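Morning, everyone. Let's take a look at today's protein together. Here it comes.

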Amino acid sequence: MNALMQLDHALAGGPQPHDLVRVSGAVSEVTPASLRVAGLSRFVKLGERIALSANGREEYGEAIRIDREGVLVKPFATSVGVGLGARASLAGAMELRPSQAWKGRVINAFGEPIDDAGPIIAGDKAVRVDAPPPEAMKRGRVNRPVRTGVKVIDLFTPLCAGQRIGIFAGSGVGKSTLLSMLARAPGFSTIVIGLVGERGREVREFLDDTLGGMRGNAVAVVSTSDESAMMRRLAPNTAMAVAEYFRDQGEDVLLIIDSVTRLAHAARDVALAAGEPAVARGYTPSVFSTLPKLLERAGPGVEGSGAITGIFSVLIDGDDHNDPVADSIRGTLDGHLVLDRAIADQGRYPAVNILGSVSRLAHHVWTPDQRSLAMRIKGLIARFEDTRDLRLMGGYQAGADAELDKAIALVPKIYEALRQDVGAPLSTDVFQDLAAALQS
């Protein structure tokens, strides 16, 4: 519709046909990190997409700052051929249309297929990638046990359907391997995997080798490390939106995000480009509001629907577990698994620090006898580890402490029984497996 027709329609007093009118502006400034668009400040909201005309095609960006002079736009692509005066128009909020046909597919942060398996079938209902979580008083309860088959987890930090747990680890400690083992956990009708900032070569390894026959029930959202901060920030929200769709269909969904730390890094890059000041180790205040917005969306849906069991990996920078991002995430989740480099150096995998890990919903899984047994085993492990240096120096004589003697005799056998490689079969009854190992 041209300007004359719009004016004639307005003078006639009829409603404006907004669906036919596209508000647009022009690029007035180009920097390596962002673009400034003039003429849109009065019409755009923070977080809305902006379509940019670049070399005969449309590229997309997001409004990250608005002032009187214009709108600061950060493109989703790593490079766009946009120059001064290029046309920029409103493109609305980001939405997806998931469907059951998405199972078995690999998509990017925009929901576009990247697996060479043909076009993706869109569903009937549009969902927002930044949807709010269900209302607190309308959500279902989390109390149904889930067996992961990973012995050290099922014994000491058991999980429930709808629980959100983090895996905290430095680089090279076995985080991705443990995620691969958890991805094979039985009892889930759908698996949604968000690979954020991962090395490109690991994507097919994870999908082909780890999922294997379960790949037909999985949706993978991939944003590799070479993609822009905007795509890496968007990918976890896309994965969450897909998981929410299947949850609302009544399915039990396993959601794996690897890693939330790379989301924080991407959110920091975007916020710094918008001029936000850094407050803690280079992180901006908005990063610490972005993380709980994502994490709170996982969990049970409204009463009567399905649940999203969320497993979020957290990469610990420099093995510092007091990193501000790790602290923020730890306080939001329903438990955490700590992977210890010293344990990995001993060749004990999964390298879970039993004494430093906790599941806040374990009481829904354990029977009273199982809880008592698990606590007794943890007590023996604590005595064993606390006296390690003393024993290495020869400062302890057998027979001086009966409880410590028991720990010295049993804990190495317990460690060996909990050792589990990624290709090993999943455990169906960890207490029975441990009893058999100790008796032998």
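Which residues does K175 touch, not counting residues up to four places away in sequence? There are I167, A169 and D258. Then come S313, V314, L315 and L339.

One caution before we go on: this is a predicted model.

Where does K175 sit? Look in helix α3, which covers residues 175-182. Is K175 buried or exposed? Its relative accessibility is 7%, and buried means under 20%, so K175 counts as buried.

Now a second lysine, K378. Find K378 in helix α10, residues 368-386. K378 is buried too, yet K378 has no salt bridge. How far away is the nearest side chain of opposite charge? That side chain is D386, and the distance is 12 Å. So much for charge; what does K378 contact? Set aside its neighbours within four places in sequence, and K378 is in contact with F156, I354, L355 and S357.

Let's zoom out. The protein has 440 residues, and 50% of them count as buried. I count off 13 helices and 19 strands. The C-alpha trace spans about 100 × 45 × 40 Å along its principal axes.

What about contacts across the chain? Take those with a separation of 6 or more: 71% of them come from residues 24 or more positions apart.

Next, the surface. About 20,300 Å² is exposed, and carbon and sulfur atoms supply 52% of that.

Last, the charges. The protein carries 49 positive and 52 negative side chains. The centres of these two sets lie 2 Å apart.

How values were computed
Residues numbered from 1 in each chain as written. Predicted model: local features only at pLDDT ≥ 70, side-chain atom pairs only at ≥ 80, totals over all residues. Heavy atoms only, no water. Helix = DSSP H or I, 4+ residues; strand = E, 2+ residues; numbered from the N terminus. Buried < 20%, exposed > 50% of the residue type's maximum accessible area, 1.4 Å probe, protein only. Contact = heavy atoms within 4.5 Å. Areas by Shrake-Rupley, 256 points an atom, 1.4 Å probe, with all protein chains shown as cover. Lys, Arg positive; Asp, Glu negative; His and termini not counted. Charge placed at Lys NZ, Arg CZ, Asp CG, Glu CD. Salt bridge = Lys/Arg side-chain N within 4 Å of Asp/Glu carboxyl O.
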